[in-house]
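Okay, thanks everyone for coming. I'll put the sequence and the structure up on the screen, and then we can walk through it together.

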Amino acid sequence: MSAFTCSSNADLAAYWLGELDATDAADIETHVFGCDHCSGRLQNLVRLGAGIRQATVAGALHAVLSPDFVRRMQDDGLRVREYRLQPGTSVACTIAPDDDLVVSHLQAALADVERLDLVFEDPDAGTQLRMQDLAFDRAADGVVLASNTRYLRQLDTATRRVRLLAVQEGGDRELGTYTFNHSRYGA
Amino acid sequence: MHEVAPVPDDSELARRIVAAGTHHDATAEAELCRRFAPRIRLYGLRHLRSDAAAADLVQDVLLMTLQKLRAGAVRELDKLASFILGTCRQTVIDGRRSGGRRERLLDTFSPSFDIASEDSDTALDSGRLESCLQHLPERERSVLVMTFYDDRPADEVGTALGLTPGNVRVIRHRGIERLRRCVEEQTS
(Lines give C-alpha, C1' and ligand atoms only; values in the text may rest on other atoms or scores of the structure.)
Protein backbone atom coordinates (compact mmCIF):
# COMPACT_ATOMS: atom_id res chain seq x y z
CA MET A 1 0.00 0.00 0.00
CA SER A 2 1.60 3.26 -1.11
CA ALA A 3 1.74 6.12 1.36
CA PHE A 4 1.04 8.45 -1.57
CA THR A 5 -2.18 6.85 -2.76
CA CYS A 6 -5.56 8.11 -1.63
CA SER A 7 -7.36 5.39 0.31
CA SER A 8 -10.70 3.92 -0.73
CA ASN A 9 -13.69 4.54 1.52
CA ALA A 10 -13.64 0.84 2.43
CA ASP A 11 -9.98 1.12 3.50
CA LEU A 12 -10.71 4.23 5.55
CA ALA A 13 -13.49 2.35 7.36
CA ALA A 14 -11.19 -0.65 7.95
CA TYR A 15 -8.52 1.71 9.32
CA TRP A 16 -10.99 3.46 11.59
CA LEU A 17 -12.38 0.20 12.96
CA GLY A 18 -8.95 -1.31 13.65
CA GLU A 19 -9.19 -4.09 11.07
CA LEU A 20 -5.82 -3.51 9.36
CA ASP A 21 -2.43 -4.85 10.36
CA ALA A 22 -0.01 -2.36 11.91
CA THR A 23 1.88 -1.64 8.69
CA ASP A 24 -1.18 -0.95 6.54
CA ALA A 25 -2.77 1.10 9.32
CA ALA A 26 0.37 3.23 9.68
CA ASP A 27 0.55 3.75 5.89
CA ILE A 28 -3.05 4.93 5.71
CA GLU A 29 -2.63 7.10 8.79
CA THR A 30 0.45 8.81 7.38
CA HIS A 31 -1.26 9.49 4.08
CA VAL A 32 -4.54 10.70 5.60
CA PHE A 33 -2.76 13.02 8.01
CA GLY A 34 -1.06 14.84 5.14
CA CYS A 35 -3.98 14.77 2.69
CA ASP A 36 -6.80 17.30 2.88
CA HIS A 37 -9.05 15.19 0.67
CA CYS A 38 -8.64 11.95 2.61
CA SER A 39 -8.78 13.53 6.07
CA GLY A 40 -12.03 15.21 4.97
CA ARG A 41 -13.46 11.87 3.81
CA LEU A 42 -12.41 10.19 7.05
CA GLN A 43 -14.01 13.01 9.00
CA ASN A 44 -17.24 12.50 7.06
CA LEU A 45 -17.18 8.80 7.88
CA VAL A 46 -16.60 9.51 11.56
CA ARG A 47 -19.43 12.06 11.52
CA LEU A 48 -21.74 9.51 9.92
CA GLY A 49 -20.76 6.94 12.55
CA ALA A 50 -21.44 9.43 15.33
CA GLY A 51 -24.87 10.13 13.84
CA ILE A 52 -25.68 6.41 13.71
CA ARG A 53 -24.61 6.07 17.34
CA GLN A 54 -26.80 9.00 18.40
CA ALA A 55 -29.81 7.61 16.53
CA THR A 56 -29.27 4.22 18.19
CA VAL A 57 -29.00 5.68 21.68
CA ALA A 58 -32.07 7.84 21.02
CA GLY A 59 -34.03 4.70 20.09
CA ALA A 60 -34.94 6.45 16.87
CA LEU A 61 -34.99 3.39 14.64
CA HIS A 62 -36.18 -0.16 14.44
CA ALA A 63 -33.52 -2.76 13.81
CA VAL A 64 -32.64 -6.39 14.31
CA LEU A 65 -29.76 -6.63 16.78
CA SER A 66 -28.03 -9.36 18.74
CA PRO A 67 -28.44 -10.29 22.44
CA ASP A 68 -24.78 -9.40 23.11
CA PHE A 69 -25.27 -6.00 21.57
CA VAL A 70 -28.27 -5.33 23.83
CA ARG A 71 -26.17 -6.32 26.84
CA ARG A 72 -23.42 -3.88 25.78
CA MET A 73 -25.93 -1.06 25.66
CA GLN A 74 -27.18 -2.00 29.14
CA ASP A 75 -23.58 -2.10 30.39
CA ASP A 76 -23.21 1.44 29.01
CA GLY A 77 -26.05 2.56 31.25
CA LEU A 78 -28.93 2.61 28.76
CA ARG A 79 -32.32 1.56 30.15
CA VAL A 80 -33.55 -1.25 27.95
CA ARG A 81 -37.05 -2.66 28.41
CA GLU A 82 -37.10 -6.27 27.24
CA TYR A 83 -39.88 -8.66 26.28
CA ARG A 84 -39.42 -12.35 25.55
CA LEU A 85 -41.98 -14.18 23.47
CA GLN A 86 -42.40 -17.76 22.34
CA PRO A 87 -44.11 -18.34 18.99
CA GLY A 88 -47.87 -18.00 19.26
CA THR A 89 -47.82 -16.00 22.49
CA SER A 90 -48.76 -12.46 23.43
CA VAL A 91 -47.45 -9.91 25.90
CA ALA A 92 -48.81 -6.80 27.61
CA CYS A 93 -46.24 -4.14 26.87
CA THR A 94 -45.51 -0.44 27.27
CA ILE A 95 -42.71 2.12 27.27
CA ALA A 96 -41.81 4.05 30.42
CA PRO A 97 -40.76 7.70 30.30
CA ASP A 98 -37.19 6.85 31.23
CA ASP A 99 -36.80 3.87 28.89
CA ASP A 100 -34.09 4.42 26.28
CA LEU A 101 -34.90 1.35 24.22
CA VAL A 102 -37.51 -1.38 23.93
CA VAL A 103 -36.41 -4.73 22.52
CA SER A 104 -38.31 -7.94 21.92
CA HIS A 105 -36.65 -11.35 21.94
CA LEU A 106 -38.67 -13.36 19.43
CA GLN A 107 -37.94 -17.04 19.98
CA ALA A 108 -37.85 -19.18 16.83
CA ALA A 109 -36.09 -22.22 15.39
CA LEU A 110 -33.73 -20.79 12.79
CA ALA A 111 -31.31 -23.66 12.15
CA ASP A 112 -32.57 -24.49 8.66
CA VAL A 113 -33.64 -21.01 7.61
CA GLU A 114 -31.96 -19.53 4.53
CA ARG A 115 -33.69 -16.17 4.43
CA LEU A 116 -35.70 -14.56 7.20
CA ASP A 117 -38.37 -11.87 6.80
CA LEU A 118 -40.38 -10.13 9.49
CA VAL A 119 -43.89 -8.81 8.94
CA PHE A 120 -45.18 -6.09 11.24
CA GLU A 121 -48.98 -5.88 11.28
CA ASP A 122 -51.47 -3.33 12.53
CA PRO A 123 -54.69 -5.42 12.68
CA ASP A 124 -56.89 -2.37 13.33
CA ALA A 125 -55.74 -0.50 10.25
CA GLY A 126 -55.23 -3.65 8.21
CA THR A 127 -51.71 -2.56 7.24
CA GLN A 128 -48.46 -4.43 7.27
CA LEU A 129 -44.79 -3.66 6.82
CA ARG A 130 -42.40 -6.35 5.64
CA MET A 131 -38.76 -6.21 6.76
CA GLN A 132 -36.94 -8.34 4.21
CA ASP A 133 -33.81 -10.45 4.47
CA LEU A 134 -32.87 -9.90 8.12
CA ALA A 135 -29.38 -10.53 9.42
CA PHE A 136 -29.66 -13.42 11.84
CA ASP A 137 -27.57 -16.14 13.44
CA ARG A 138 -28.84 -19.64 12.61
CA ALA A 139 -27.28 -20.92 15.83
CA ALA A 140 -29.34 -18.47 17.91
CA ASP A 141 -32.75 -19.30 19.35
CA GLY A 142 -34.45 -16.29 17.79
CA VAL A 143 -33.98 -12.67 16.83
CA VAL A 144 -33.89 -9.45 18.82
CA LEU A 145 -36.03 -6.63 17.46
CA ALA A 146 -35.46 -3.08 18.68
CA SER A 147 -38.53 -0.87 18.24
CA ASN A 148 -38.57 2.80 17.36
CA THR A 149 -39.28 4.42 20.73
CA ARG A 150 -40.78 7.57 19.18
CA TYR A 151 -43.35 5.39 17.44
CA LEU A 152 -44.11 3.53 20.67
CA ARG A 153 -44.46 6.73 22.71
CA GLN A 154 -47.21 8.09 20.48
CA LEU A 155 -49.19 4.83 20.57
CA ASP A 156 -52.26 4.69 22.79
CA THR A 157 -53.86 1.32 23.56
CA ALA A 158 -53.10 -0.81 20.53
CA THR A 159 -52.42 -4.33 19.34
CA ARG A 160 -49.55 -5.04 16.98
CA ARG A 161 -48.57 -8.40 15.55
CA VAL A 162 -45.19 -9.59 14.31
CA ARG A 163 -44.71 -12.67 12.13
CA LEU A 164 -41.37 -14.29 11.38
CA LEU A 165 -41.24 -15.99 7.99
CA ALA A 166 -38.67 -18.36 6.53
CA VAL A 167 -38.51 -17.50 2.84
CA GLN A 168 -37.93 -20.61 0.77
CA GLU A 169 -38.76 -22.24 -2.52
CA GLY A 170 -42.43 -23.00 -2.71
CA GLY A 171 -43.48 -20.10 -0.48
CA ASP A 172 -43.07 -18.63 2.97
CA ARG A 173 -43.02 -20.80 6.07
CA GLU A 174 -44.26 -19.15 9.25
CA LEU A 175 -41.90 -19.58 12.19
CA GLY A 176 -44.03 -17.75 14.70
CA THR A 177 -46.59 -15.06 15.39
CA TYR A 178 -46.05 -12.71 18.33
CA THR A 179 -48.73 -10.37 19.61
CA PHE A 180 -48.01 -7.12 21.46
CA ASN A 181 -50.85 -5.60 23.48
CA HIS A 182 -49.55 -2.10 24.04
CA SER A 183 -50.87 0.43 26.51
CA ARG A 184 -49.60 3.79 27.67
CA TYR A 185 -47.31 3.64 30.68
CA GLY A 186 -49.28 3.80 33.92
CA ALA A 187 -52.64 3.50 32.17
CA MET B 1 -12.39 42.17 -9.61
CA HIS B 2 -10.60 40.97 -6.51
CA GLU B 3 -7.87 38.42 -6.85
CA VAL B 4 -8.15 35.52 -4.44
CA ALA B 5 -5.00 35.11 -2.40
CA PRO B 6 -3.45 31.68 -2.92
CA VAL B 7 -3.77 29.37 0.04
CA PRO B 8 -0.30 28.85 1.52
CA ASP B 9 0.86 25.26 1.60
CA ASP B 10 2.04 23.63 4.81
CA SER B 11 5.73 24.44 4.31
CA GLU B 12 5.00 28.09 3.57
CA LEU B 13 2.94 28.35 6.73
CA ALA B 14 5.77 26.79 8.70
CA ARG B 15 8.32 29.20 7.21
CA ARG B 16 6.19 32.22 8.04
CA ILE B 17 5.84 31.11 11.67
CA VAL B 18 9.58 30.43 11.93
CA ALA B 19 10.43 33.80 10.33
CA ALA B 20 8.16 35.70 12.71
CA GLY B 21 9.72 33.98 15.72
CA THR B 22 8.76 35.76 18.92
CA HIS B 23 6.86 38.44 16.97
CA HIS B 24 4.23 35.81 16.06
CA ASP B 25 2.54 35.60 12.68
CA ALA B 26 -0.98 35.25 14.09
CA THR B 27 -2.57 34.64 10.70
CA ALA B 28 -0.21 31.81 9.80
CA GLU B 29 -0.53 30.23 13.24
CA ALA B 30 -4.31 30.39 13.09
CA GLU B 31 -4.33 28.80 9.64
CA LEU B 32 -2.03 26.02 10.83
CA CYS B 33 -4.34 25.32 13.75
CA ARG B 34 -7.44 25.42 11.53
CA ARG B 35 -5.85 23.01 9.08
CA PHE B 36 -4.44 20.45 11.51
CA ALA B 37 -6.81 20.51 14.48
CA PRO B 38 -9.39 18.23 12.77
CA ARG B 39 -6.69 15.76 11.73
CA ILE B 40 -5.17 15.62 15.21
CA ARG B 41 -8.64 15.16 16.66
CA LEU B 42 -9.29 12.22 14.31
CA TYR B 43 -5.97 10.70 15.32
CA GLY B 44 -6.93 11.12 18.96
CA LEU B 45 -10.37 9.60 18.49
CA ARG B 46 -8.88 6.67 16.60
CA HIS B 47 -6.25 5.89 19.22
CA LEU B 48 -7.80 7.12 22.45
CA ARG B 49 -11.53 6.54 21.69
CA SER B 50 -12.53 9.50 23.83
CA ASP B 51 -13.77 12.94 22.82
CA ALA B 52 -12.20 14.55 25.86
CA ALA B 53 -8.83 12.84 25.39
CA ALA B 54 -8.86 13.74 21.69
CA ALA B 55 -9.56 17.38 22.54
CA ASP B 56 -6.64 17.36 24.98
CA LEU B 57 -4.42 15.85 22.32
CA VAL B 58 -5.34 18.61 19.85
CA GLN B 59 -4.28 21.24 22.34
CA ASP B 60 -1.09 19.47 23.40
CA VAL B 61 0.11 18.77 19.88
CA LEU B 62 -0.70 22.22 18.50
CA LEU B 63 1.00 23.84 21.48
CA MET B 64 4.15 21.81 20.99
CA THR B 65 4.14 22.40 17.24
CA LEU B 66 3.81 26.17 17.52
CA GLN B 67 6.36 26.30 20.30
CA LYS B 68 8.91 24.38 18.22
CA LEU B 69 8.23 26.39 15.09
CA ARG B 70 8.58 29.70 16.91
CA ALA B 71 11.83 28.47 18.41
CA GLY B 72 13.10 27.36 15.00
CA ALA B 73 13.39 23.81 16.32
CA VAL B 74 11.63 22.01 13.43
CA ARG B 75 14.31 20.73 11.09
CA GLU B 76 12.33 19.78 7.97
CA LEU B 77 9.78 22.49 7.28
CA ASP B 78 8.74 20.75 4.05
CA LYS B 79 7.48 17.84 6.14
CA LEU B 80 5.25 19.67 8.58
CA ALA B 81 2.46 17.06 8.46
CA SER B 82 4.97 14.30 9.27
CA PHE B 83 6.31 16.34 12.17
CA ILE B 84 2.83 16.87 13.60
CA LEU B 85 1.86 13.24 13.13
CA GLY B 86 5.07 12.18 14.89
CA THR B 87 4.21 14.53 17.73
CA CYS B 88 0.74 12.94 17.94
CA ARG B 89 2.24 9.48 18.14
CA GLN B 90 4.81 10.45 20.74
CA THR B 91 2.26 12.31 22.84
CA VAL B 92 -0.08 9.33 22.91
CA ILE B 93 2.80 6.99 23.74
CA ASP B 94 4.06 9.22 26.51
CA GLY B 95 0.56 9.86 27.79
CA ARG B 96 1.98 13.01 29.18
CA ARG B 97 -0.44 15.47 30.59
CA SER B 98 0.99 18.40 32.50
CA GLY B 99 -1.80 20.73 33.59
CA GLY B 100 0.39 23.59 34.77
CA ARG B 101 2.53 23.49 31.66
CA ARG B 102 -0.51 23.40 29.44
CA GLU B 103 -2.11 26.39 31.17
CA ARG B 104 1.02 28.47 30.70
CA LEU B 105 1.31 27.52 27.06
CA LEU B 106 -2.40 28.11 26.44
CA ASP B 107 -2.00 31.67 27.73
CA THR B 108 0.83 32.21 25.28
CA PHE B 109 -0.94 30.70 22.28
CA SER B 110 -4.55 31.63 23.02
CA PRO B 111 -5.24 33.68 19.82
CA SER B 112 -4.46 30.67 17.61
CA PHE B 113 -6.56 28.35 19.74
CA ASP B 114 -9.65 30.49 19.42
CA ILE B 115 -9.82 29.18 15.90
CA ALA B 116 -8.54 25.66 16.54
CA SER B 117 -11.12 25.04 19.23
CA GLU B 118 -14.03 25.73 16.92
CA ASP B 119 -16.08 22.62 16.37
CA SER B 120 -15.06 21.60 12.89
CA ASP B 121 -16.90 18.28 13.24
CA THR B 122 -20.29 19.75 12.47
CA ALA B 123 -23.04 17.32 13.39
CA LEU B 124 -25.38 15.95 10.75
CA ASP B 125 -29.06 16.78 10.76
CA SER B 126 -30.28 14.03 13.08
CA GLY B 127 -33.81 13.90 11.64
CA ARG B 128 -32.48 13.49 8.12
CA LEU B 129 -30.02 10.81 9.15
CA GLU B 130 -32.67 8.87 11.07
CA SER B 131 -34.99 8.96 8.08
CA CYS B 132 -32.22 7.68 5.82
CA LEU B 133 -31.30 4.95 8.32
CA GLN B 134 -34.90 3.74 8.38
CA HIS B 135 -34.91 3.40 4.62
CA LEU B 136 -31.81 1.20 4.48
CA PRO B 137 -32.19 -2.51 3.76
CA GLU B 138 -32.51 -4.41 7.04
CA ARG B 139 -29.11 -6.08 6.91
CA GLU B 140 -27.34 -2.81 6.24
CA ARG B 141 -29.09 -1.08 9.14
CA SER B 142 -28.25 -3.94 11.55
CA VAL B 143 -24.60 -3.97 10.48
CA LEU B 144 -24.18 -0.18 10.61
CA VAL B 145 -25.83 0.12 14.03
CA MET B 146 -23.81 -2.72 15.52
CA THR B 147 -20.61 -1.39 13.96
CA PHE B 148 -20.80 2.28 14.78
CA TYR B 149 -22.49 2.16 18.19
CA ASP B 150 -19.03 1.54 19.60
CA ASP B 151 -16.80 1.11 16.55
CA ARG B 152 -16.61 -2.68 16.33
CA PRO B 153 -14.66 -4.51 13.61
CA ALA B 154 -16.24 -6.81 11.04
CA ASP B 155 -15.32 -10.09 12.74
CA GLU B 156 -17.15 -9.16 15.96
CA VAL B 157 -20.25 -7.93 14.14
CA GLY B 158 -20.19 -11.01 11.93
CA THR B 159 -20.05 -13.37 14.88
CA ALA B 160 -23.08 -11.69 16.44
CA LEU B 161 -25.14 -11.75 13.25
CA GLY B 162 -24.09 -15.07 11.75
CA LEU B 163 -22.17 -13.43 8.89
CA THR B 164 -18.59 -13.81 7.70
CA PRO B 165 -16.25 -10.81 8.24
CA GLY B 166 -15.99 -10.39 4.48
CA ASN B 167 -19.75 -10.32 4.14
CA VAL B 168 -20.00 -7.74 6.92
CA ARG B 169 -17.46 -5.50 5.14
CA VAL B 170 -19.43 -5.67 1.90
CA ILE B 171 -22.74 -4.92 3.65
CA ARG B 172 -21.09 -2.17 5.68
CA HIS B 173 -19.56 -0.52 2.63
CA ARG B 174 -22.86 -0.59 0.73
CA GLY B 175 -24.71 0.76 3.75
CA ILE B 176 -22.28 3.62 4.30
CA GLU B 177 -22.43 4.66 0.65
CA ARG B 178 -26.23 4.40 0.52
CA LEU B 179 -26.57 6.38 3.74
CA ARG B 180 -24.11 9.02 2.58
CA ARG B 181 -25.95 9.46 -0.73
CA CYS B 182 -29.32 9.66 1.01
CA VAL B 183 -28.12 12.34 3.45
CA GLU B 184 -26.49 14.33 0.65
CA GLU B 185 -29.57 14.13 -1.59
CA GLN B 186 -31.84 15.35 1.16
CA THR B 187 -29.38 18.14 1.96
CA SER B 188 -29.26 19.36 -1.63
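Let me start with a small one: in which loop of chain A is A:Asn148 found? It's the loop between β7 and α5 (149-153) of chain A. And before I go further, please keep in mind that this is a predicted model.

So, A:Asn148, buried or exposed? Somewhere in between: it counts as partly exposed, because it has 17 other C-beta atoms within 10 Å, and you'd need 20 or more to call it buried. If you skip its neighbours within four places in sequence, A:Asn148 is in contact with A:Gly59, A:Ala60, A:Leu61 and A:His62. There's also A:Val102, which is 46 residues away from A:Asn148 in sequence but 7.9 Å away in space, C-alpha to C-alpha.

Let's zoom out on chain A. The domain assignment splits it into domain 1 (9-56) and domain 2 (59-182). How far apart are the C-alpha centres of those two domains? The answer is 33 Å.

Now the sheets. One of them is an open sheet of four strands, ordered β1-β7-β4-β2 in chain A, and the pairing is mixed. At its edges you have β1 (63-65) and β2 (80-85) of chain A, each of which pairs on one side only. On average, neighbouring strands in this sheet are turned by 30 degrees against each other, ignoring direction.

Helix α4 (residues 67-75) of chain A packs on that sheet and touches β1, β2, β4 (101-107) and β7 of chain A. The direction of this helix makes about 155 degrees with that of β2(A). As for β1(A), it runs antiparallel to strand β7 (residues 142-147) of chain A, with three bridges joining them. If you want a spot to click on, A:Ala63 stands opposite A:Ala146 in β7(A).

Next up, another open sheet, this one with five strands. The order is β3-β9-β8-β5-β6 in chain A, again with mixed pairing. The edge strands are β3 (90-93) and β6 of chain A; each has a single partner strand, so one side of each has no neighbour in the sheet. The average turn between neighbouring strands here is 25 degrees, direction ignored.

Follow strand β5 (residues 115-122) of chain A for a moment. On one hand, β5(A) pairs with strand β8 (residues 158-168) of chain A, antiparallel, over seven bridges. There, A:Asp117 has A:Leu165 in β8(A) as its bridge partner. On the other hand, β5(A) pairs with β6(A), also in the antiparallel sense, over five bridges. In that pairing A:Phe120 sits opposite A:Leu129 in β6(A). β5(A) and β6(A) make a hairpin with four residues between them, and A:Gly126 in the turn has a positive phi of about 70 degrees.

And how many of the five residues of strand β6 (residues 127-131) of chain A are buried? Zero, so this strand lies largely in the open.

Over to chain B. Chain B is nine helices and zero strands. Of its 188 residues, 39% count as buried. Among contacts in chain B with a separation of 6 or more, 64% come from residues 24 or more positions apart.

The helix I'd look at is α4 (residues 80-94) of chain B. It has 15 residues and reaches 21 Å from first C-alpha to last, close to the 21 Å expected. Its buried residues are B:Leu80, B:Ala81, B:Phe83, B:Ile84, B:Leu85, B:Thr87 and B:Cys88. What covers them? The cover includes α1 (10-20), α2 (26-48) and α3 (51-70) of chain B, together with α2 (22-34) of chain A. Just after α4(B), B:Gly95 takes a positive phi of about 60 degrees.

That brings me to the interface. Here 42 residues of chain B are in contact with 42 residues of chain A. On the chain B side, the elements giving two or more residues are α2, α4, α6 (126-134), α7 (138-148), α8 (154-161) and α9 (165-187) of chain B. The largest share, ten residues, comes from α7(B). By class, that side of chain B has 23 nonpolar, six polar and 13 charged residues.

Okay, that's my tour.

Terms used. Residues are numbered from 1 along each chain as its sequence is written. Chains are lettered from A and ligands numbered from 1 in the order in which they are written. This is a predicted model: local features need pLDDT of at least 70, side-chain atom pairs count only at pLDDT 80 or more; totals for chains, interfaces and linings use all residues. The expected span of a helix is 1.5 Å times one less than its number of residues. A residue is buried if 20 or more other C-beta atoms lie within 10 Å of its own, exposed if 12 or fewer, and partly exposed in between; C-beta atoms are placed from the backbone. Two residues are in contact if their C-beta atoms, placed from the backbone, lie within 7 Å. Two strands pair if DSSP finds at least two bridges between them. Ala, Val, Leu, Ile, Met, Phe, Trp, Tyr, Cys and Pro count as nonpolar, Asp, Glu, Lys and Arg as charged, and the others, Gly among them, as polar. Axes are lines fitted to C-alpha atoms, for helices over the stretch in contact, and angles run from 0 to 180 degrees between N-to-C directions. Domain bounds come from an automatic or database domain assignment.
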